[in-house]
Amino acid sequence: MRKLLIQLFLFLLLPATTLEVCFGADQVLVPQIDGDFWQVAGDPDLGKYTSPTQQPVDFGIWQAADGTWQLWSCIRSTLVPGKTRLFYRWQADKLTDSNWTPMGIAMMADSGFGETEGGLQAPFVLKQGSDYYMFYGEWKHIAMAKSKDGKTFARQLLPDGKSGMFGEGAGNNTRDPMVLKIKNLYYIYYTAYPDGHGFDFARTSKDLVHWSEGKKVAYGGSGGSGKYSAECPFVYYEKTSGYYYLLRNQYYGHNPQTGQDAQFKVYRSKDPLDFGLDNDRYLVETMPFAAPEIIESEGNTYIAVLLPNLKGIQIAKLKWVPTAP
């Protein structure tokens, strides 16, 4: 009996991670590219706004009411006055098609609605019922537009005639929204850099119109704390594990001055409002791509990211695999 008690005591002194393995705790799944990428968009002809330095960056992909696939991207460093940005559109019959058809400029900032000239950023579209809701940044605020066909969108203005719904203060560049519905609440994730530090924020709503105050949900750690260290937040619910995954971008393309290549980090949490503040508690993976968006179609999961040279967008299948103990 004494020997048994000693063995039990020693067993309880084992590290928590070892005990989890012994008792078969849930595996940590991480995303992994499954096969080759195919390019879907390139460097578009913008007519009088075309610039040799322009780059397609943050984007959204969704299926329209007629079954076609839509891709809208923020094109930056164009000849558009102000912040140099506009939205451009591509279309395809199938998500797996290569080289989607360029459809032209889709939207430009309108100062008449309070938007910053040339300041459109990061479109994201959520379909609810028969309606399509596009969320985007207008440099200072997050705004929303609505569509029935998933192709032509109309701004949803506030009582003051402005498009901006909310922001994190002047000069903090509130941008990069995405929306996830969890039970009866909508969660909107976005980034801004108050005091020069990049945070991922979240707000909740029951109707996509009235939003709670912003809550900081991710910041710092090995991902850094600079202005651009928490860009393009994308949250995905992985059903088999029951965890929420935050994809948080740090770097675009290759920076010849620093030698840094494209990179985003992946955080895993049971709480969609907590992915770690100034720590790596929930960090599970780092991937060498930029501006990730996860797409589900016909039982498959895909990931879309920027080309390494920032001159287009590519897609690959995605799978979830367990990490080594």
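**Reading the strands and cores**

User: Which residue of E4 stands opposite Gln 63?
Analyst: Trp 69 in E4 stands opposite Gln 63. Keep in mind that this is a predicted model.

User: What makes E3 and E4 a pair?
Analyst: Two strands count as paired if there are at least two bridges between them. E3 and strand E4 (residues 69–76) are joined over seven bridges, in the antiparallel sense. Seven bridges meet the cut-off of at least two, so E3 and E4 pair.

User: Which sheet do they belong to, and in what order do its strands come?
Analyst: E3 and E4 lie in an open sheet of four strands, ordered E3-E4-E5-E6, with antiparallel pairing.

User: Why do E3 and E6 count as edges?
Analyst: Strand E3 (55–63) and strand E6 (101–107) each have a single partner strand, so one side of each has no neighbour in the sheet. On average, neighbouring strands here are turned by 25° against each other, direction ignored.

User: What holds paired strands together in general?
Analyst: Strands of a sheet pair through backbone hydrogen bonds, either parallel or antiparallel.

User: What is the order of the open sheet that holds E16, and which strands are its edges?
Analyst: The order is E16-E17-E18-E19, an open sheet of four strands with antiparallel pairing. Its edge strands are E16 (231–238) and E19 (283–287), and each pairs on one side only. The average turn between neighbouring strands in this sheet is 20°, direction ignored.

User: How do you know that E18 and E19 pair?
Analyst: Count the bridges. Strand E18 (residues 263–269) and E19 share four, in the antiparallel sense. The rule asks for at least two, so they pair. One bridge joins Val 266 to Glu 285 in E19.

User: Why is the chain called as compact as a globular protein of its length?
Analyst: Start with its make-up: two helices and 22 strands. The radius of gyration is 21 Å, and the globule rule gives 20 Å for 325 residues. The two values are close, so the chain is as compact as a globular protein of that length. Along its principal axes the C-alpha trace spans about 85 × 45 × 45 Å.

User: What share of the residues counts as buried, and what is the cut-off?
Analyst: Buried means under 20% relative accessible area. By that test, 52% of the 325 residues are buried. The chain exposes about 15100 Å², of which carbon and sulfur atoms supply 52%.

User: What makes strand E12 mostly covered?
Analyst: Strand E12 (residues 175–182) has eight residues, and seven of them are buried. E12 also runs antiparallel to E13, joined by six bridges. Met 178 stands opposite Tyr 189 in E13. The hairpin of E12 and E13 has two residues between the strands, and there Lys 183 takes a positive phi near 55°.

User: What makes a set of residues a nonpolar core, and how many residues has the largest one?
Analyst: The members must be buried nonpolar residues such as Leu or Phe, joined through side-chain atoms within 4.5 Å. The largest core has 47 residues, and those with the most contacts inside it are Phe 135, Leu 208 and Phe 275. Its largest share, six residues, comes from strand E13 (residues 185–192). A second, separate core of 43 residues includes Leu 120, Val 125, Ala 143 and Ala 291.

User: Which residues are in contact with Leu 208, leaving aside its neighbours within four places in sequence?
Analyst: Among them are Leu 126, Tyr 133, Phe 135, Met 144 and Tyr 186. Contact here means heavy atoms within 4.5 Å.

Note on methods. Residues are numbered from 1 along each chain as its sequence is written. This is a predicted model: local features need pLDDT of at least 70, side-chain atom pairs count only at pLDDT 80 or more; totals for chains, interfaces and linings use all residues. Side-chain values use heavy atoms; hydrogens and water are left out. Axes are lines fitted to C-alpha atoms, for helices over the stretch in contact, and angles run from 0 to 180 degrees between N-to-C directions. The radius of gyration is taken over C-alpha atoms; the globule rule is 2.2 Å times the number of residues to the power 0.38. Buried means under 20% relative accessible area, exposed over 50%, partly exposed in between (1.4 Å probe, protein chains only). Accessible areas come from the Shrake-Rupley method with a 1.4 Å probe; for residues, only the protein chains shown count as cover.
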